[in-house]
Amino acid sequence: MSFHPKMAYDATFHKSTRQLNEAGPPFAYTPENRQRLEEVIKRYPPERRRSAVLPALYLVQEQLGYITGNAMRHVAEQLGITAADVEDVVSYYTMFHTKPVGRFVLSVCRTLSCALDGAERVTEAICDHLKIRPGETDATGTFTLIEVECLGACDRAPVIMVNDCWHEQQKPEEVGRLLDDLAIRGEAALSGCRHVIEV
């Protein structure tokens, strides 16, 4: 007797729908970024070069604006790992972009604390103001809106991360002012807590 269900002989199997990233233009680090990566790699034992994959990807995104298939292959070569290893990291984290994004990426947290405090209304206010939906970039190329899971500031919900800067306790009626300020003053309008990646 078995507790496992009997498999029919005509069973169909799941076919992967994985989409490979577009190759994009040829990519290589600038000499300055190559030197910065080497400094990061020195922090790890030689057999653990792969541990530098996150800083390596941040450098790509800083240089190119997003991460292409060719950039992933370049990172893999630099770290002695496979392109699939790099792609796994890129596809796991929401802070890495595989297509061009606006100057400001607006990441609205939608996890429980933020949701209970009105994150959905904040997202709607952004959509109304910019005439876009989550996953889109506005007509000016200035803003890209995405929804993400926990940003780690549950006690200050709802939270929007603008690039690497948290803006906490957002209210739908105040979002338009933040967006207008960003459009006019740029980086100077970022007043929240910053997440600094040292590479």
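**Exercise 1. Find which elements the buried residues of α6 pack against in this predicted model.**

Start with the helix itself: α6 covers residues 119–130. Next, pick out its buried positions, taking buried as under 20% relative accessible area. That gives Ala119, Val122, Thr123, Ala125, Ile126, Cys127 and Leu130. Now look at what they touch: β1 (104–109), α5 (112–116), β2 (143–148), β3 (160–162) and α7 (172–185).

**Exercise 2. Check the length of α6 against what its residue count predicts, then look just past its end.**

Take the 12 residues at 1.5 Å a residue, and the expected span comes out at 16 Å. The end C-alpha atoms sit 17 Å apart, so the two agree. Step just beyond the helix and you meet Lys131, with a positive phi of about 60°.

**Exercise 3. Work out which parts of the chain the Arg50–Asp85 salt bridge ties together.**

First the contact: the closest N and O atoms of Arg50 and Asp85 are 3.3 Å apart. Then place the partners. Arg50 is in the loop between α1 (31–41) and α2 (53–64), while Asp85 belongs to helix α4 (residues 83–92), so the bridge ties together parts 35 residues apart in sequence. Finally, check exposure: Arg50 is partly exposed at 38% relative accessible area, and Asp85 is partly exposed at 26%. For the wider tally, the structure holds 9 salt bridges.

**Exercise 4. Place the Asp181–Arg185 salt bridge and say how exposed its partners are.**

The closest N and O atoms here are 2.7 Å apart. Both residues lie in helix α7, 4 residues apart, or about one turn. That fits the general picture: an α-helix has 3.6 residues a turn, so residues three or four places apart point the same way. As for exposure, Asp181 is partly exposed at 25%, and Arg185 is partly exposed at 44%.

**Exercise 5. Trace the salt bridge between Glu149 and Arg110.**

Their side chains meet at 2.7 Å, N to O. Glu149 is in the loop between β2 and β3 and Arg110 in the loop between β1 and α5, which puts the pair 39 residues apart. Glu149 is partly exposed at 44% relative accessible area, and Arg110 is partly exposed at 45%.

**Exercise 6. Describe the second largest pocket by volume and lining.**

The space comes to about 180 Å³. Walk round the lining and you pass, among others, Thr94, Phe96, His97, Lys99, Gly135 and Glu147. Sorted by class, the lining has 4 nonpolar, 5 polar and 2 charged residues.

Conventions:
Residues numbered from 1 in each chain as written. Predicted model: local features only at pLDDT ≥ 70, side-chain atom pairs only at ≥ 80, totals over all residues. Heavy atoms only, no water. 1 Å grid on protein atoms, 1.4 Å probe; cavity = no way out; pocket = protein on both sides within 12 Å on 5 of 7 lines; lining within 4 Å. Points joined across faces, edges and corners; volume = space filled by probe spheres on them. Nonpolar A, V, L, I, M, F, W, Y, C, P; charged D, E, K, R; others polar. Helix = DSSP H or I, 4+ residues; strand = E, 2+ residues; numbered from the N terminus. Expected span 1.5 Å × (residues − 1). Buried < 20%, exposed > 50% of the residue type's maximum accessible area, 1.4 Å probe, protein only. Contact = heavy atoms within 4.5 Å. Salt bridge = Lys/Arg side-chain N within 4 Å of Asp/Glu carboxyl O.
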